[in-house]
Number of protein chains: 2
Amino acid sequence: MMVFMARAATTSDVFNAIAERQRREILVLLQSGERPVSELAGELGMAQPGASKHLRVLREVGLVRDRKAGKLRLYSLDGRGLRPVHEWTGGFERFWNDSFDRLNAYVQDLEQARQEE
Amino acid sequence: MMVFMARAATTSDVFNAIAERQRREILVLLQSGERPVSELAGELGMAQPGASKHLRVLREVGLVRDRKAGKLRLYSLDGRGLRPVHEWTGGFERFWNDSFDRLNAYVQDLEQARQEE
DNA sequence: TTGACATATGCCGATATCGACATATGATGG
DNA sequence: CCATCATATGTCGATATCGGCATATGTCAA
């Protein structure tokens, strides 16, 4: 009995969580301090329920925290989960930084162009 | 007339392209050199058509190149597109590296724990 | 040309996803 | 308790996504 898995769940995976533009924008906004949902929704130009859902995803992967503050619920950034992504991409640094690989990429650009003539 | 946009197209966006585990594995495999599709498929334990489709996505966002080599079609890494991701996540470095923010996160962990009692 | 091998594409089924909307839950103050 | 404000959740419609499978395209070699 094989249950289908159409795509990796967006929750439970930081890579998927930040694949969404609006969620990335939320994280950027939270860099300057904690905010309630409705304020974030306003700044993103989206409705409150949508913002709540994005925040839920971000919370489930641990990129965001919330604390109650009176009637409000303040969300704050927890950037620690972004570190693995930073390090994973950093593993490819030589493919854009190293002069040999830059030259290599250049040569392949030329080959590509020649092939497409 | 508003056309629906259920989710950002995986093509045309590097963040979405690397949101998929198998595509990330392909990129890692290509770090050690160019490979044909069928070899990648074998190493990933998936069928060739699946690997071809993932490679198509990676090619469309510019993370991968291909060149014809006889009967084969060799795919190679072009890591340059990962740089923006590395830099974007790097913008959050202080949220995991800075001692103040580490302390801050620690305190919030405590508050969280207390709140959930 | 024909056959063999390598790769790409098309279709299907199951499911995830996102925005919009309505509504439920929750907390506060009177 | 009740009204109010803030937030969360549920449902729906449209679409994207992924693996599996069959099949088309492409490339070589004899």
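## Two chains, one shared core

In helix α5 of chain A, A:R83 and A:E87 are four residues apart, so about one helical turn separates them. Helices here are DSSP runs of H or I with at least four residues, strands are runs of E with at least two, and both are numbered from the N terminus. The side chains of A:R83 and A:E87 meet in a salt bridge, 3.0 Å from N to O. The term salt bridge stands for a side-chain nitrogen of Lys or Arg within 4 Å of a carboxyl oxygen of Asp or Glu. A:R83 is partly exposed, with a relative accessible area of 36%, and A:E87 is partly exposed too, at 47%. Buried means under 20% relative accessible area, exposed means over 50%, and partly exposed lies in between (1.4 Å probe, protein chains only).

Before going on, a word on how to read the names and values. This is a predicted model, in which local features need pLDDT of at least 70 and side-chain atom pairs count only at pLDDT 80 or more, while totals for chains, interfaces and linings use all residues. Residues are numbered from 1 along each chain as its sequence is written, chains are lettered from A and ligands numbered from 1 in the order in which they are written, and side-chain values use heavy atoms, with hydrogens and water left out.

### Chain A in outline

Chain A has seven helices and three strands. From the N terminus on, its elements follow the order α-α-β-α-α-β-β-α-α-α. Of the 117 residues in chain A, 40% are buried. Contact means heavy atoms within 4.5 Å. Among the contacts in chain A with a separation of 6 or more, 46% join residues 24 or more positions apart.

### Where the chains meet

How many residues does each chain bring to the contact? Chain A gives 36 residues and chain B gives 36 residues. The size of an interface is often given as the accessible area lost when the parts come together. Here, chain A and chain B bury about 3,900 Å² between them, 55% of it on carbon and sulfur atoms. Buried area is the accessible area (1.4 Å probe) that two parts lose on being put together, summed over both. In chain A, the residues that lose the most area to chain B are A:H86, A:W88 and A:W96, together 16% of what that side buries.

Several elements of chain A give two or more residues to this side, including α2 (21-30), α5 (83-90) and α7 (99-115). By class, the side has 13 nonpolar, 11 polar and 12 charged residues. In this count Ala, Val, Leu, Ile, Met, Phe, Trp, Tyr, Cys and Pro are nonpolar, Asp, Glu, Lys and Arg are charged, and the others, Gly among them, are polar.

The rule finds zero salt bridges across the interface, but 11 residue pairs in polar contact, both at pLDDT 80 or more. A polar contact is a pair of N or O atoms within 3.5 Å; within protein, one must be able to donate a hydrogen and the other to accept it, and residues adjacent in sequence count only if both atoms are side-chain atoms.

### The nonpolar core

A nonpolar core is a set of buried Ala, Val, Leu, Ile, Met, Phe, Trp, Tyr and Cys residues joined through side-chain atoms within 4.5 Å. The largest one has 52 residues, and A:I18, A:L27, A:L63, B:I18, B:L27 and B:L63 have the most contacts inside it. Not counting residues up to four places away in sequence, A:I18 touches residues that include A:L27, A:L63, B:F15 and B:W88.

B:V85 sits in helix α5 (residues 83-90) of chain B and is buried, at 1% relative accessible area. Which residues does B:V85 contact, leaving aside its neighbours within four places in sequence? They are A:V85, A:T89, B:V14, B:F15 and B:I18. B:V85 and B:F15 are 70 residues apart in sequence and 7.1 Å apart in space, C-alpha to C-alpha.

### Charged pairs

Over all chains the structure holds 18 salt bridges. Here are some of them.

| Salt bridge | Closest N to O |
|---|---|
| A:R83 and A:E87 | 3.0 Å |
| B:R67 and B:E34 | 2.7 Å |
| B:E43 and B:R35 | 3.0 Å |

B:R67 and B:E34 form a salt bridge. This pair links distant parts of the chain, 33 residues apart, with B:R67 in strand β2 (residues 64-69) and B:E34 in the loop between α2 (21-30) and β1 (35-36) of chain B. B:R67 is partly exposed at 31%, as is B:E34 at 34%.

In the third pair, B:E43 is partly exposed at 41%, whereas B:R35 is buried at 12%. In chain A, salt bridges that share partners join A:R35, A:E39 and A:E43 into one network.

Strand β2 of chain B also holds B:R65, which is buried at 9% relative accessible area. The side chain of B:R65 makes a polar contact with that of B:D78, at 3.2 Å.
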